[in-house]
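New to this one? Here's a quick briefing to read alongside the sequence and the 3D view.

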Amino acid sequence: MAQQETTNDLLVEPSHPPPVASSQTEVDEATSKMKRKGMKPRSAVWDHFSKFVDGSGTQKGKCNYCYKEFFCDPKKNGTTALRNHMFACIKNPHVMTTRQSQLYLQPSSSIQEGGGSHCGTLNTWNFNQERSRRNLAKMIIVDELPFMFVEGEGFKEFMEVTQPKFRIPSRWTVSRDCYDLYMEERKKLKNYFQNSNQRVCITTDTWTSLQRINYMCITVHYVDDNWTLHKKILNFCPITSHKGDDIGMAVESCLLNWGIKRVFTVTVDNASSNDVAIAYLKKKIVGWGFSILNCKYLHMRCIAHIINLVVVDGLKETNVSVKRVREAVRYIRQSPARLQKFKSCCEMEGIESKSSLCLDVCTRWNSTYLMLNVAQKFENAFDRYATIDPCFKFDLQSSDGLPDSLDWENVRRLVDFLGHFYDLTLRISGSRYVTSNIFFNEISSVDCLLQEWQGSNDVELACMGERMKVKFDKYWGDPDKMNKIVYIAVVVDPRYKLEFMEFALSTVYGKEKGMELAKKIKLTVYELFDEYKKTYQAEHDRGSKCSWEYK
């Protein structure tokens with residue numbers, strides 16, 4: 001019995017836990033209260049990413065350069081995606097400096113054919129999306145391509161072959177890139193004008209479109225610190241009217257917007273409204289305080305426009321030979337079948353010229369010159385065509401008739417006549433080289449040519465020369481009415497100088513008048529020199545004063 005009680009006592013569950021179990025619980029509670037020290041991230045990606053927790057409680061990492069987000073939970077994702085992006089991120093400067101560049105050989109532009117060896121320059125290259133997009137926008141602007149060009153199938157296939165990494169932007173993105181490029185270049189040019197002491201020359205012209213809208217274009221020409229000639233279009237905008245005050249205010253607003261106050265000359269055509277505009281601009285530029293001799297030589301008449309007026313007056317009474325050739329060219333150009341017949345006539349006559357017949361615009365003498373210059377090469381082909389196509393002779397005889405040998409002789413003489421002015425216009429209209437130093441030489445050559453034609457035995461040529469000489473004398477007959485800058489540009493040309501100017505003026509205007517004019521030009525040169533000396537001396541003194549105050 002006693003043994004049974006003892007056994008029951010052992011089976012009874014104790015009312016309190018044993019001492020060992022109690023002490024273990026205390027240890028667990030103490031451990032849970034202790035905070036575990038955080039570990040610093042060991043991966044190198046965290047030098048380029050920032051950790052954060054989004055609104056849903058998900059742990060993410062954000063690129064410090066392009067701000068792209070990635071999942072980076074250590075239990076689910078890891079840092080592989082972050083590492084891959086770290087080496088591929090375009091905006092990561094460390095990647096750009098450590099990425100290995102490719103070598104390529106740029107061929108020289110002056111490789112001699114058949115030389116056996118190709119010279120060139122060894123350069124490095126690596127792909128850059130932003131730089132490629134910028135040059136794409138530049139290509140669109142320079143080549144005047146439509147924005148839709150980037151969405152064409154041909155361009156996409158071309159880029160897949162040449163550079164698959166390039167992500168082709170949409171036409172909307174390209175349009176924004178072009179605008180951003182324009183604003184960037186505009187800002188650079190504006191800063192240059194505001195910080196530079198270089199003087200600029202302005203040219204402006206106005207016209208009316210088919211929609212009866214008045215437009216004006218303003219172009220600036222200047223030489224930079226490296227003696228490089230630049231031509232920049234400052235503005236192309238509609239204007240209210242062709243009145244002189246409106247033109248002057250529009251030019252003034254454009255110059256102030258660009259920060260241009262040092263204007264040397266303004267070149268315009270010979271419309272009377274431009275005289276009013278120049279008078280308005282003179283007052284404003286003098287008020288700005290940066291004029292030369294109070295804008296005494298600001299107004300420059302367009303040489304090419306005067307040449308155009310001279311030739312147009314000479315061709316007012318167009319001879320019948322030009323009309324006959326014009327009708328013959330018009331007849332052949334009216335259908336492809338006639339053109340094919342005419343080509344066959346050229347082959348039978350052995351004419352190997354690759355020129356094609358062109359029709360002129362009656363109001364543009366240069367197009368008349370081009371039409372006659374081409375047509376006179378096919379004289380024999382026109383004669384043969386008249387025997388093949390009977391309608392050709394019938395159609396032309398109903399108007400002015402077929403061109404005969406005398407007509408072609410007149411055409412060749414007229415081509416030689418117009419060729420002088422055509423080449424002259426091309427020479428003085430250049431925009432990539434300086435032309436002011438050749439103006440006087442070209443004007444003198446035209447004067448001598450017209451005097452020669454006036455004394456010609458050909459009555460028609462003499463009459464034409466007489467009409468042109470009247471228009472020539474209206475603008476250039478009196479040298480005192482011409483802008484003296486035309487002469488000074490020759491004086492500062494080291495090939496000519498004052499001695500040549502005295503000789504040329506004596507030849508053109510006579511010895512007495514020429515020497516008198518040469519003295520005036522010499523005084524003008526000294527006057528300009530003294531003005532520049534005074535201007536730059538004042539600027540130098542101001543700079544020296546500022547440096548002394550700073551010290």
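What follows is a short tour of salt bridges and sheets.

Keep in mind that this is a predicted model. It has 21 salt bridges, and a few of them are picked out below. After that come two open sheets, one of five strands and one of three, each with a helix against it.

**Salt bridges between separate parts of the chain**

- Start with Glu184 and Arg134, which form a salt bridge whose closest N and O atoms are 2.7 Å apart.
- Glu184 sits in helix H7 (residues 171-195) and Arg134 in helix H5 (residues 129-142), so this pair ties together parts that lie 50 residues apart in sequence.
- How accessible are the two partners? Glu184 is partly exposed at 32% relative accessibility, and Arg134 is partly exposed too, at 34%.
- Next up are Arg384 and Glu349, whose side chains meet in a salt bridge at 2.6 Å, N to O.
- This pair also links distant parts of the chain, 35 residues apart: Arg384 belongs to helix H14 (residues 379-388), while Glu349 is in the loop between helix H12 (336-348) and helix H13 (365-375).
- Arg384 comes out as partly exposed, with 31% relative accessibility, and Glu349 is partly exposed at 29%.

**A salt bridge inside one helix, and a network**

- Lys469 and Asp473 form a salt bridge, with 2.7 Å between the closest N and O atoms.
- Both residues are in helix H18 (residues 459-476), four residues apart, which is about one turn of the helix.
- Is Lys469 buried or exposed? Lys469 counts as buried because its relative accessibility is 11%, under the 20% cut-off.
- Its partner Asp473 is partly exposed, at 35%.
- Some salt bridges share partners, and in that way Arg134, Glu184, Glu185 and Lys188 are joined into one network.

**The five-strand sheet**

- In which order do the five strands of this open sheet run? The order is E8-E7-E6-E9-E10, and the pairing is mixed.
- At the edges you'll find strand E8 (229-238) and strand E10 (299-301), each pairing on one side only.
- From one strand to the next, the twist averages 25°.
- Zoom in on strand E6 (residues 200-208) and strand E7 (residues 214-223): they pair in the antiparallel sense over eight bridges.
- As a landmark in that pairing, look for Thr204, which stands opposite Ile218 in E7.
- Helix H8 (residues 244-258) lies across E6, E7, E8 and strand E9 (263-268), and it runs at about 45° to E7.

**The three-strand sheet**

- This sheet is open as well, with its strands in the order E1-E2-E3 and antiparallel pairing.
- Strand E1 (49-53) and strand E3 (69-71) are at the edges with a single partner strand each, so one side of each is left without a neighbour in the sheet.
- Here the twist averages 35° from one strand to the next.
- How many bridges join E1 to strand E2 (residues 59-63)? There are five, and the two strands run antiparallel.
- A handy spot to look at is Val53, which stands opposite Gln59 in E2.
- Helix H3 (residues 80-88) packs on this sheet and touches E1, E2 and E3, with its direction making about 150° with that of E3.

Methods
Residues are numbered from 1 along each chain as its sequence is written. This is a predicted model: local features need pLDDT of at least 70, side-chain atom pairs count only at pLDDT 80 or more; totals for chains, interfaces and linings use all residues. Side-chain values use heavy atoms; hydrogens and water are left out. A salt bridge is a side-chain nitrogen of Lys or Arg within 4 Å of a carboxyl oxygen of Asp or Glu. Buried means under 20% relative accessible area, exposed over 50%, partly exposed in between (1.4 Å probe, protein chains only). Two strands pair if DSSP finds at least two bridges between them. Axes are lines fitted to C-alpha atoms, for helices over the stretch in contact, and angles run from 0 to 180 degrees between N-to-C directions. Contact means heavy atoms within 4.5 Å.
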